[in-house]
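This report is a short guide for a reader who is meeting the structure below for the very first time. Please look over the sequence and the model before reading on.

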Amino acid sequence: MQASTYVVKGRSTVGFEVQSRRVVDRVGGSRNRRLGFYNNSFTIVDSNPQLKSCCKSGNSAPLAYMGAGIGRMGVVVRSAAAKYRSVKVHASEGDLEDASPLRYEGKSSASVLPYVGVACLGAILFGYHLGVVNGALEYLSRDLGISGNAVLQGWVVSTLLAGATVGSFTGGSLADKFGRKRTFQLDAIPLAIGAFLCATAQSVETMMAGRVLCGIGIGISSALVPLYISEISPTEIRGALGSVNQLFICIGILAALVAGLPLAGDPLWWRTMFGIAIVPSVLLVLGMSLCPESPRWLFQQGMIAEAEKAATSLYGKETVPRVMQDLRVTAQGSSEPEAGWLDLFSTRYWKVVSVGAALFLFQQLAGINAVVYYSTSVFRAAGIASDVAASALVGAANVFGTAVASSLMDKRGRKSLLITSFSGMAASMLLLSLSFTWKVLAPYSGPLAVVGTVLYVLSFSLGAGPVPALLLPEIFASRIRAKAVALSLGMHWASNFVIGLYFLSVVNNFGISRVYQGFASVCILAVLYIAGNVVETKGRSLEEIERALNPAV
C-alpha cells in the first residue's frame, strides 16, 4: 500500500519509516526535513526553526484538530488549536482507521453549508414526491375516475418508483459528462414538468406521465445529492453533512404530510399539493448557479484552474495548494479515462461495488417500506384512528433518529452505526412478530406493535437509512464513483419497486408475522455482512480512502 500522510501519535503501535527528504515550500522554496526522537517526543525537525511541531509520546491524541459542524444541530464549530506538520507513515488498512488524518487550514468548515443546503433541495423533493401521493391518492382517484380500481391506483404510486429506477442509472453518466452542478440544473427540468403535469392532470394517463417524470428526477437526485455533498465536504464533518441528505428527505416526507392537511376541507387541494413541488425545483436551478462545481470532477477533466477556483470558494485560498496536492497524489500513476459500466464488474472494482449494492439491498429487504406501508393498520389496531397522526408519529421518529445520527456520524463512525442500526431493526421486527402471534401478549398487542414500529423506524434512521448514501461516494474510486453510486441506487429503486408490488400478496399468503420474521433474518444477515466487509471511513479524506481500497490507482 502507498504511504499516507498522518500526524505521528504517541504510544502508537504503528510501524513507520521516515527519511530525510527535500520538501517544496508552499511559497516555492525548499528545505530539509527529518524526524527525530528527542526528550521522549517525536519531533519533525525543519531547517526553518519557526516550523516545528511535535507530539508527546505519552499523549494518545493528536496535537490539534479542526472540528466543525452545523450550529443548529448542536455541532460546535471549532478553529484549529495549533498548526502541525506531517510525516509519511507506512501502515496497513487497519492502522489507517485509527490514525488522525491531515486537516486543511483555511476557511471555517461551515463555509460549505450554503452549498450543501442548495443541494439538499434535491433531497427535499425526493422525500416530498415519495410522500405526496399518500394523502392525495383517494381524492385524485375520485377526480380522475379510478376510485375502486386498485390496479390503476397502484400504478399511480409505482410509476414514480419505475421512473426513479431509470433516473438513478442515468444520473451517474450525466454527472460524469456534464458535471455535478449542471446535472442538478438539468434534473430540475423533469422535476418541474412532472409536478406541473400531475397538478393539472385531467386523466390518469397524464398523471402517470407526470409521476414518471418526477420519478426520473428524484432518481437522478438520489445519486447526485450524496455524491456532490461528499465531494465538497471537509473530511472532519463529511459524515454529519452526508447524513443531512437523509434528514432533508425525511423533512420532505413530513412536508408532504403537512401539505395534505387541508384535503379534508378542500377535496381539490391535491392539485395544489403537486404544484407546490415546482417551487423548490426552480430554486434548485437558481441556487446551483451560485454554487461551485466539485473540484474533484474539474480536476478529473483536466480543468486545473477551475478546480483551484472552486477549492478557493469552498475552503479558502490557504488550502488550495494542499487540496490540489491531494488530488495530484491520488491521480499519480493513473491516467485512465472515466470508467465505463462494464468496468464496475471487473476484478479490480467488483468487491467494493458489490458492497455498495448489498447495502442498499439489505436496506430495502430489511422491510422499511413494508413497515411504513403497514403502520397505519398497526396503529388503527392499537386504537389510533387518525392516519395523519400515525404517519406523523412515524415521520417524527425518522427525523429525530436521523438528526441524532448526523451528530454521531463523525464520532462513532459509519460501520458502528450500521451494525447498531440493523441490530435494533432485527430486535424491533421480532417484537412486532411476537405481538401478532403470542397469545400471552394479546392484551398488549396494540401498544407493543406501535412501540415495535416506532423503534424500528428509529433504529433505521440511526444508520441503515442515512449511512449507505453517505458511505458509497466515500468508498468508490473517483473514476467509478458516479456510475457506481448510480448502480447501487438503481438496486435500491428496483428492490423498492418490487417490494411495493408484491408485499401485500406475500402478507396474504404467509401472514404478517412470518413476513416480519423474514425481515428480522435479513437484518441479522446484514449485521454479519457489514462486520466482515464494510470498512470504516470516519476521519479519512476521499483520496486517502481511495488509495487504501484501490492501491493500484
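## A buried methionine

In this predicted model, M288 has a relative accessible area of 0%, and since anything under 20% counts as buried, M288 is therefore a buried residue. M288 belongs to helix α8, which covers residues 278-288.

Setting aside the neighbours within four places in sequence, the contacts of M288 are with V118, A119, K181, F184, Q185 and Y228. One of these partners, A119, is separated from M288 by 169 residues in sequence, yet the two C-alpha atoms lie 7.6 Å apart in space.

## Helices α12 and α19

Helix α12 (residues 350-365) and helix α19 (residues 512-533) have axes that come within 9 Å of each other and cross at roughly 155 degrees. Because angles over 145 degrees count as roughly antiparallel, α12 and α19 are described in that way, and their crossing is left-handed.

On the side of α12, the contact is made by S354, V355, A358, L359, F362 and L365, while α19 contributes F519, V522, L525, A526, Y529, I530 and N533. By character, the residues of this contact between α12 and α19 comprise eleven nonpolar and two polar ones, with no charged residue.

## Helices α15 and α16

A second packed pair is formed by helix α15 (residues 414-437) and helix α16 (residues 445-464), whose axes are 8 Å apart and meet at an angle of about 165 degrees. The helices α15 and α16 are therefore roughly antiparallel to each other, and their crossing is left-handed. The contact of α15 with α16 involves 15 nonpolar and nine polar residues, and no charged ones.

Notes: Residues numbered from 1 in each chain as written. Predicted model: local features only at pLDDT ≥ 70, side-chain atom pairs only at ≥ 80, totals over all residues. Heavy atoms only, no water. Axes fitted to C-alpha atoms, helices over the stretch in contact; angles between N-to-C directions. Helix = DSSP H or I, 4+ residues; strand = E, 2+ residues; numbered from the N terminus. Parallel < 35°, antiparallel > 145°, perpendicular 65-115°, else oblique. Left-handed = near helix turned anticlockwise from the far one by under 90°. Contact = heavy atoms within 4.5 Å. Nonpolar A, V, L, I, M, F, W, Y, C, P; charged D, E, K, R; others polar. Buried < 20%, exposed > 50% of the residue type's maximum accessible area, 1.4 Å probe, protein only.
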